[in-house]
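User: I am new to this structure and would like to learn how to read it. Please show me the structure, then take me through it feature by feature.

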Amino acid sequence: VKDLIEQAKRGRRRAIARLITLVENDEKAAQIAITELYRNTGKAHIIGITGPPGSGKSTLVNEIAKEIRRRKRKVGIVAVDPSSPFSGGALLGDRVRMRDLAGDDGIFIRSMASRGSLGGLARTTNDIVKIFDAAGFESVLIETVGAGQAEVDIASTAHTTLVVETPGMGDEIQTIKAGILEVADILVLNKADRPGAEKTLRALRAMLHMDGRSGRRFTEMRHHGDLMAVEIPEGEQTDRSDDWEVPIFETIAIEGKGIKAVADCIEDHEAYLRSGDEWKERELARSRQEIDQLLQARFMEQLATEISRSVRNKVVLAVAERRLDPYSAVDELFKRADN
Ligand SMILES: Nc1nc2c(ncn2[C@@H]2O[C@H](COP(=O)(O)OP(=O)(O)O)[C@@H](O)[C@H]2O)c(=O)[nH]1
Ligand SMILES: [Mg+2]
């Protein structure tokens, strides 16, 4: 492993690939590798791209990566998509589109298998980002499907988060998840060539301007023929420590249109973060979240090893049959783990 790490640090592709496979498949090896690498991380700008399936994230990532390369930075890409398994068409599509980038030594793409829990995906994503970082990739793009809390968590491990939306689809009801909008630093309305782009853009703008500054006061927005935004009641608003104005961009990713402006904005946001305390704030948040995730995983693992499956099953059965309530069940399990 040591040799592999040394080679990866020097940016050797084969070593990077093998190291990534290692941390994906073997948690113990991941620990050894990350312990060794960690000192060399902390330089990369980590950019999350999230949004609904089919909104054009992969296409956009491909175009943004090309643009960042033109600006002479090395780019690492991690695509996390639990909804599209390796055998599925979506990822095949990914491969075709990302073929543009193949053959360029300054770009490394990793699509993650859908195997394993989202918690596991979060850990491996974090580890792969560190490998890229230590290997000298200045920008790391993480593509995740914006669907649930776990994906939001993955997205929020980024310094800069892009949320991708598309023009509304007729009367179909579509909800933009509160958590997703809350993490947005940059909004992208992709597929601007599609009908309804103007309307959606106006709705998103209205939403962003509701508190005169950012979109973080919103709980949801629906397309119901008409678009509406629901404001979060006073007092329940999420705090944001920064004063970054969340901008919105229109793109047509398949035609490479609007990409430069997005890339400029990503640079601006990085400069903004680095010029004040915000970079450090985000590093703190990232570190806290990562430790919490590892703690949870370690804790569950410990419970699993210290309490036999048959005992756990008995407790579960007792709860299901109403002989024991869930709180007492947890007390019981804790007690046993202590011994
Ligand atoms: N019309 C149009 N189609 C697009 C655009 N960007 C991506 N697509 C198409 O939308 C589909 C889904 O794109 P993909 O990048 O795989 O979306 P993802 O699931 O969010 O990663 C593909 O068929 C793309 O070719 C765009 O700007 N306009
Ligand atoms: Mg994709």
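Analyst: Start with a cut-off: a residue is buried under 20% relative accessible area, exposed over 50%, and partly exposed in between. The model itself is predicted. As a case, Lys191 has a relative accessible area of 22%, so Lys191 is partly exposed.

User: Where in the chain is Lys191?

Analyst: Lys191 sits in the loop between strand E6 (186-189) and helix H9 (197-209).

User: What is the sign of phi at Lys191?

Analyst: The general idea is that most residues other than glycine have a negative phi. Lys191 is not a glycine, yet has a positive phi of about 60 degrees. Arg322, also a residue other than glycine, has a positive phi near 65 degrees.

User: Where is Arg322, and is Arg322 buried or exposed?

Analyst: Arg322 belongs to the loop between helix H12 (309-320) and helix H13 (326-338). The relative accessible area of Arg322 is 71%, so this residue is exposed.

User: Now the ligand. Which residues are closest to ligand 1?

Analyst: To read a binding site, take the residues around the ligand, then the individual atom pairs. Here 17 residues surround ligand 1, and the closest are Gly54, Lys57, Ser58, Thr59 and Asp193. By class, the shell is made up of 5 nonpolar, 6 polar and 6 charged residues.

User: Which helix gives the most to the shell around ligand 1?

Analyst: That is helix H4 (residues 57-70), with 3 residues.

User: Which polar side-chain or backbone atoms lie close enough to an oxygen atom of ligand 1 to count as a polar contact?

Analyst: A polar contact is a pair of N or O atoms within 3.5 Å. A polar side-chain atom of Thr59 is 2.6 Å from an oxygen atom of ligand 1. For Gly54 the partner is a polar backbone atom, 2.8 Å from an oxygen atom of the ligand. Lys191, already met for its positive phi, places a polar side-chain atom 3.1 Å from an oxygen atom of ligand 1.

User: How much of ligand 1 does the protein bury?

Analyst: Taken alone, ligand 1 exposes 580 Å², and the protein buries 78% of that.

User: What can be read from the loop between strand E1 and H4?

Analyst: Look at the cover of each residue, then at its contacts. Ser55 lies in this loop, which runs between strand E1 (45-51) and H4. With 2% relative accessibility, Ser55 counts as buried. A polar atom of the Ser55 side chain is 2.6 Å from the backbone oxygen of Pro52. Gly56 is in the loop between E1 and H4 as well, and at 13% relative accessibility Gly56 also counts as buried.

User: Which residue, 197 residues apart along the chain from Gly56, has its C-alpha 7.0 Å away?

Analyst: That residue is Ala253; the C-alpha atoms of Gly56 and Ala253 are separated by 7.0 Å.

User: How do I read a helix, taking H2 as the case?

Analyst: Compare its span with the expected one, then see which residues are buried. Helix H2 (residues 13-25) has 13 residues and spans 18 Å from its first C-alpha to its last, close to the 18 Å expected at 1.5 Å a residue. Its buried residues include Ala15, Ile16, Leu19, Ile20 and Val23. They cover an arc of only 135 degrees around the axis, so they are on the same side of H2. The face turned away from that buried side carries the exposed residues Arg14, Arg18 and Asn25.

User: Which residues are buried in helix H3?

Analyst: In H3 (residues 27-37), Ala29, Ala30, Ala33, Ile34 and Leu37 are buried. Seen down the axis, these residues fall within an arc of 125 degrees, so they line one face of H3. Lys28, Ile32 and Thr35 are exposed on the other side. At the start of H3, a side-chain oxygen of Asp26 comes within 3.0 Å of the backbone nitrogen of Lys28.

User: How many residues does helix H11 have, and which are buried?

Analyst: Helix H11 (residues 278-306) has 29 residues and reaches 42 Å from first C-alpha to last, close to the 42 Å expected at 1.5 Å a residue. Its buried residues are Glu278, Trp279, Arg282, Arg286, Gln289, Glu290 and Leu303.

How values were computed
Residues are numbered from 1 along each chain as its sequence is written. Chains are lettered from A and ligands numbered from 1 in the order in which they are written. This is a predicted model: local features need pLDDT of at least 70, side-chain atom pairs count only at pLDDT 80 or more; totals for chains, interfaces and linings use all residues. Side-chain values use heavy atoms; hydrogens and water are left out. A residue is near a molecule or strand if one of its heavy atoms lies within 4 Å of it. A polar contact is a pair of N or O atoms within 3.5 Å; within protein, one must be able to donate a hydrogen and the other to accept it, and residues adjacent in sequence count only if both atoms are side-chain atoms. Accessible areas come from the Shrake-Rupley method with a 1.4 Å probe; for residues, only the protein chains shown count as cover. Helices (H or I, at least four residues) and strands (E, at least two) are DSSP runs, numbered from the N terminus. Ala, Val, Leu, Ile, Met, Phe, Trp, Tyr, Cys and Pro count as nonpolar, Asp, Glu, Lys and Arg as charged, and the others, Gly among them, as polar. The expected span of a helix is 1.5 Å times one less than its number of residues. Buried means under 20% relative accessible area, exposed over 50%, partly exposed in between (1.4 Å probe, protein chains only). The arc is that of the directions from the helix axis to the C-beta atoms.
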